[in-house]
Amino acid sequence: MAKTQLNVRVDEGTARAARERALERGMSVNRYIEELVRQDTGEAGRAFVDAAADFMKQYESVFAEEFEAGSSARTTPRDGRR
């Protein structure tokens, strides 16, 4: 993916916090800011949901088998109420 340079001005406290957080996460300030924007715009959330959907497709039969076996063996709710 092509990168575009974006210049922003922030106060020193914000810049310091960005540098510290990036360092804690082992990434550059550029990468840290890029990740924040992606999270804010929902790209990370969509990627997670897509990956979870793919996982469920792959293992759908395993889950179905497990839950069907569990539901037929259980006659009362787990908390004991009827």
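What covers the buried residues of helix 1 (buried meaning under 20% relative accessible area with a 1.4 Å probe, protein chains only) includes helix 2, residues 29-41. The structure is a predicted model, in which local features need pLDDT of at least 70 and side-chain atom pairs count only at pLDDT 80 or more, while totals for chains, interfaces and linings use all residues. Residues are numbered from 1 along each chain as its sequence is written, and side-chain values use heavy atoms, with hydrogens and water left out.

The protein chain holds three helices and zero strands, where helices (H or I, at least four residues) and strands (E, at least two) are DSSP runs numbered from the N terminus. Along the sequence the pattern reads α-α-α, and of the 82 residues of the chain, 5% count as buried.

Within helix 1, the buried residues include Ala15, Ala18 and Ala22; they cover an arc of only 60° around the axis, taken from the directions from the helix axis to the C-beta atoms, which puts them on the same side of helix 1. The face turned away from this buried side carries Leu23 and Glu24, which are exposed, that is, over 50% relative accessible area. At the N-terminal end, Asp11 acts as a cap of helix 1, with a side-chain oxygen 3.0 Å from the backbone nitrogen of Gly13.

The two helices compare with their expected spans (1.5 Å times one less than the number of residues) as follows.

| Helix | Residues | Distance between end C-alpha atoms | Expected span |
|---|---|---|---|
| Helix 1 | 14 residues | 20 Å | 20 Å |
| Helix 2 | 13 residues | 18 Å | 18 Å |

A glycine with positive phi follows each of these helices: Gly26, just after helix 1, has a phi of about 70°, and Gly42, after helix 2, has a phi near 85°.

The largest pocket holds about 700 Å³ of space; a pocket is an open set of points on a 1 Å grid over the protein atoms alone, where a 1.4 Å probe fits, with protein on both sides within 12 Å along at least five of seven lines, and lining residues have an atom within 4 Å of a point. Of the 18 residues that line this pocket, Leu6, Val29, Asn30, Ile33 and Glu34 are the closest to its centre. Helix 1 and helix 2 are the elements that give two or more residues to the lining, and helix 2 gives the most, with six residues.

Notes:
Contact = heavy atoms within 4.5 Å. Polar contact = N/O pair within 3.5 Å; in protein donor to acceptor, adjacent residues only side chain to side chain. Points joined across faces, edges and corners; volume = space filled by probe spheres on them.
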